[in-house]
Amino acid sequence: MDALQEVQQEVLVRALDALFIIQGGALVLLMHAGFAFVEVGTVRRKNQANGLCRVLCDLSVSVLAYTLIGSVIFAWPFSPPAIWSSWAAPADIWPRHFFILLSIAAIPAIISGGIAERVRFVPQLLATALIMAFLFPFLDALVVHDRFGFQAQLCCWFAAPFHDYADAVVIHGFAGWAALAATLVIGPRQGRFGPKGRKDFPPSNIPFMALGTWILMVGWFGFTVLAVPAIHQINGLVVMNVVMAMAGGIVAGLIIGRGDTGFIHNGALSGLVAICAGADVMHPLAALLTGSVASVGFVLIFTRIQQRRRVDDVLGVWPLHGVNGIWGVVAAGLFGQTALGGLGGVSLYAQIVGALVGIVVGFIGGLLVYGLIHLFIGLRLSPEQEARGADLSLHRIRSSRNE
Amino acid sequence: MDALQEVQQEVLVRALDALFIIQGGALVLLMHAGFAFVEVGTVRRKNQANGLCRVLCDLSVSVLAYTLIGSVIFAWPFSPPAIWSSWAAPADIWPRHFFILLSIAAIPAIISGGIAERVRFVPQLLATALIMAFLFPFLDALVVHDRFGFQAQLCCWFAAPFHDYADAVVIHGFAGWAALAATLVIGPRQGRFGPKGRKDFPPSNIPFMALGTWILMVGWFGFTVLAVPAIHQINGLVVMNVVMAMAGGIVAGLIIGRGDTGFIHNGALSGLVAICAGADVMHPLAALLTGSVASVGFVLIFTRIQQRRRVDDVLGVWPLHGVNGIWGVVAAGLFGQTALGGLGGVSLYAQIVGALVGIVVGFIGGLLVYGLIHLFIGLRLSPEQEARGADLSLHRIRSSRNE
Amino acid sequence: MDALQEVQQEVLVRALDALFIIQGGALVLLMHAGFAFVEVGTVRRKNQANGLCRVLCDLSVSVLAYTLIGSVIFAWPFSPPAIWSSWAAPADIWPRHFFILLSIAAIPAIISGGIAERVRFVPQLLATALIMAFLFPFLDALVVHDRFGFQAQLCCWFAAPFHDYADAVVIHGFAGWAALAATLVIGPRQGRFGPKGRKDFPPSNIPFMALGTWILMVGWFGFTVLAVPAIHQINGLVVMNVVMAMAGGIVAGLIIGRGDTGFIHNGALSGLVAICAGADVMHPLAALLTGSVASVGFVLIFTRIQQRRRVDDVLGVWPLHGVNGIWGVVAAGLFGQTALGGLGGVSLYAQIVGALVGIVVGFIGGLLVYGLIHLFIGLRLSPEQEARGADLSLHRIRSSRNE
């Protein structure tokens, strides 16, 4: 191979590395549409347009806060941050930044679903900015990039680092526990709990909820299969485990949920959240079990918290992302072991420690961010605005009309 | 090229082979959302949520039945089945399994559209499981993998094997004829044919029907262009023929259907089904003709069966997939010939034999599966459940509400 | 590297070149669904099905007119046109043809949104055919392929050619100005301007409008990142600039539009249109500014033309595509300069000349095509048809029903 051909080969591999991760990022962008439509279909009709605006604006604020501040903080003082540095050879920097950016922008989109129908618009965007600029970069530096010796310490203790292939805890768990905190801070929707007990607010539009779920399902393959640093690390096992966990989640949701539409669709998502951590180390049958357990857990916990007065989690994001993210990390620690058919290299203890860190950072961080905003600025719509609906109150529009 | 570089090149090509087929599979997963939304838009509003649940659960049962049983039967005794064998080097096995899995899971999704609005939930899932575990693997072994000397015999007789590039008969034709059998078994919807003649049930939601069609159109490019064993076999002619057949189908549907919304959208799908068989051997102008004829055929046959009492095919899946799948295989036998501008290597007789096999296996198999379930378990909702709508009867929910 | 391996490498690169551009084309096909759903959500409910049919049929007529006539004219007499020439080695010809085809088919889809709710079906298709067969190929030959020495002349005058990376003027600007002409020709919708002043027609369905926007956002990454002749030219900077312009557009639309749902969603699209021209030469911060300015411009101009009697541009396609396409080209001339952080190689003057050519060809061409059709055939529905709605008048169907 002469020099010219070596260069060509290198150029080709770099282009391919850029291409596959950009495609992954586009699929993760699609997932944000999924978050938006799950919310549109689930909230009452008077808050549909607000949900759409919220997800879209959250995405933009996330892009700006992470690119301009979060990624800078994360890089500093270790390397020059992308946006401020030389950008003459950007093909190598930006595709991965794009993928990470859109992946972690899922965090505010997930939280958003828990506090829907009564949250103020700009204060919620401020919370998004704080999370993307400061809170997430701290967790990411700690867990993923091992800035503070966390992973090295785990390796020292348990002979294995914390294993979270596609961010079951770093994104989903973290977001779910932050959402629980935000839900506690903001309180339940008006009329949800009265003197005569709980009132259910059924989904306004099942087809939109299902559309959002389908979009998330498809986008998830970008989120997982393409979550590798370079194209030669693409792993066919991941795709099989993702599809098995999804199928298991749906079937379990059907059985345990006794045909409930929401449980069937959330069963798919439960399986998908839970498989993120160990999709690269489990046997497909273990993935099936992981997804099924996740879905059963969702049905049981979601049903239980419906009766609790304090937690009015509109889309069930805490059980869906928070609990299943933790379960996924634990499942990776179990089924990743060679004794249970896995590929090894994991430690259940390291997984539990990592999960606890995700819970603590998510919950405490969420309490801080949403609590301080609630205290000093106000996180909640006025009772009149909430009763009238956020669409008319904030956006001066009705979501649909028959005219 | 030294040894290291050879290895790198091989690793790269294997990663690319995995990547493109996974992307194809993700697009085919998207097609299932398309099946779901075509059904949501076409059935009456009281059965929308049921359609969504059915497609999602069908998909999961298909994944499990084919992975755990169907692919095992198909492999045995020729090679160790994927799921039970060593999975240490899975990157090569799973991506293609994923693509095939999601492609053939289209079969129950297609049949589902014919018997919508009156089919029971679990018995339909049982039918899906039987098809994916036993019936399809038999057809696949016969036609695609030549387990029983079928293709060799055709080559011996007609100097060419049965040519079906992207499963016009093996998936669409088979599913369409099985759907015809299922439709005959289950009988028409309540109130469809009364003493005073036929009553039409117009589509409940054209935008959702159109959304499903668009999703199918986009997914179809994954289903066809990426339906090759290795990346270097990607064939640019296929993409052109697919788009020409689609365009021809739309324009023909517009003209013959005199502006009917359903015929325009189904025209696109008719063209897409018909081009599957010969997309790799036809001239683009022949593809245009193939798609146009398919669309005209759909309009004429769908209009005709509307007046028949026996066949109440809700989404028109028999004319769409059954008839057009057969036409596509025949068209490949015609326009694939060099005399008609094709690339050759096809035999019209072999195509007709293959089409007949698809019809027979699909129709008889469908009669057996759905007939036996109907006889012993019952395939149909009770009259009360059907009148009330499957959404309230089975899922205790209304599809949408204005609250 | 021996001869065999060289061949293998070449085959692989050709397959990859085909694959990435087909994926880009599939994403651009998806964009047409986006155009359809933005229209469905924005027009009154009585015209929803018509919008869906119009976009789908426009796409088909575009495919046929450009493939059979437009690309032939464009090629002649310089090279044999693809469809009529030998197609024995089609893998190299068709993927790019497919991408271009679907990209330029956006032109009639864009114009369609301006004249919605009162345009006749077949005359509009005729206009589409004329644009795709004759008008666009002329602009394309002039600007992109430099058939008439236009680019050479610009290089001679300004030391740089007209730079339009992903067709901000050649597709969006051209379409927007042709749409302005078509809107002037066809006149405002019935009842829009009465003796007592303007009557607003609010969007019929915000979720469908938002769905269309999300689909366009995702498809846009195919339209921009993959708009390169060969895979090794994939440029990571483009993806970052696209996402920054989008985010800037959304945030600016939120602020200037004071929470208006339409302005938030159109803000995303405004940023995306404007970044097309210079996504490969700007700094990401300049992309942010370009997108933000585009969105502010959209809000101001759209608000202004609402009060003008002559221009009843239903989807705001002139400000969205026409004005922002021009702004994008000018912004590329500004921020592409090294003094303003760009990569250089652009001239503001060449950009202005190119923009003016786009305006003139679009507006004059649009006046000619739509004006002549209006004069000789009639472009507008009868008052009765328009009042009744195009769905019932033309397609004998209602878009949705509660039955």
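By what turn and what shift along the axis can chain B be laid on chain A? In this predicted model, a turn of 120° combined with a shift of 0.0 Å along the axis lays chain B on chain A, with an RMSD of 0.0 Å. That is the relation of a three-fold axis. Chain C is likewise superposed on chain A by a rotation of 120°, with 0.0 Å of shift along its axis and an RMSD of 0.0 Å. As to the surfaces involved, only 11% of the interface residues of chain B are also interface residues in chain A, so the copies meet through different surfaces. For chain C the corresponding share of interface residues that are also interface residues in chain A is only 11%, and therefore these copies, too, meet through different surfaces.

The confidence of the prediction was examined for chain A, in which the mean pLDDT is 91 and 94% of the residues reach 70 or more. Among the elements of this chain, the lowest mean pLDDT, 82, belongs to strand S2 (residues 197–198) of chain A, whereas the highest, 98, belongs to helix H10 (residues 261–275) of chain A.

On chain B, a nonpolar surface patch of about 1,100 Å² is made by a set of residues that includes Ile69(B), Ile73(B), Leu126(B), Leu130(B), Phe134(B), Val360(B) and Ile377(B). Helix H2 (48–75), helix H5 (121–143) and helix H13 (348–376) of chain B each supply at least two residues of this patch, and the largest share, six residues, comes from H13(B). Ile377(B), one of the patch residues, is placed in the loop between H13 and helix H14 (383–388) of chain B. The relative accessible area of Ile377(B) is 45%, which means that this residue is partly exposed, since the exposed class begins over 50% and the buried class lies under 20%.

A buried position in chain B is provided by Pro108(B), which lies in helix H4 (residues 106–114) of chain B. Pro108(B) counts as buried because its relative accessibility is 1%, against a limit of under 20% for that class. When residues up to four places away in sequence are not counted, Pro108(B) touches Asp58(B), Ser62(B), Thr128(B) and Met132(B). The C-alpha atom of Pro108(B) is separated by 8.4 Å from that of Val55(B), although the two residues are 53 residues apart along the chain.

Terms used. Residues are numbered from 1 along each chain as its sequence is written. Chains are lettered from A and ligands numbered from 1 in the order in which they are written. This is a predicted model: local features need pLDDT of at least 70, side-chain atom pairs count only at pLDDT 80 or more; totals for chains, interfaces and linings use all residues. Side-chain values use heavy atoms; hydrogens and water are left out. Patches are made of residues with over 30% relative accessible area and no salt bridge: like charges are joined within 9 Å, nonpolar side chains (Val, Leu, Ile, Met, Phe, Trp, Tyr) within 5 Å. Accessible areas come from the Shrake-Rupley method with a 1.4 Å probe; for residues, only the protein chains shown count as cover. A salt bridge is a side-chain nitrogen of Lys or Arg within 4 Å of a carboxyl oxygen of Asp or Glu. Helices (H or I, at least four residues) and strands (E, at least two) are DSSP runs, numbered from the N terminus. Buried means under 20% relative accessible area, exposed over 50%, partly exposed in between (1.4 Å probe, protein chains only). pLDDT is the predictor's confidence in each residue, from 0 to 100. Copies are superposed by least squares on the C-alpha atoms of residues with pLDDT of at least 70 in both. Contact means heavy atoms within 4.5 Å.
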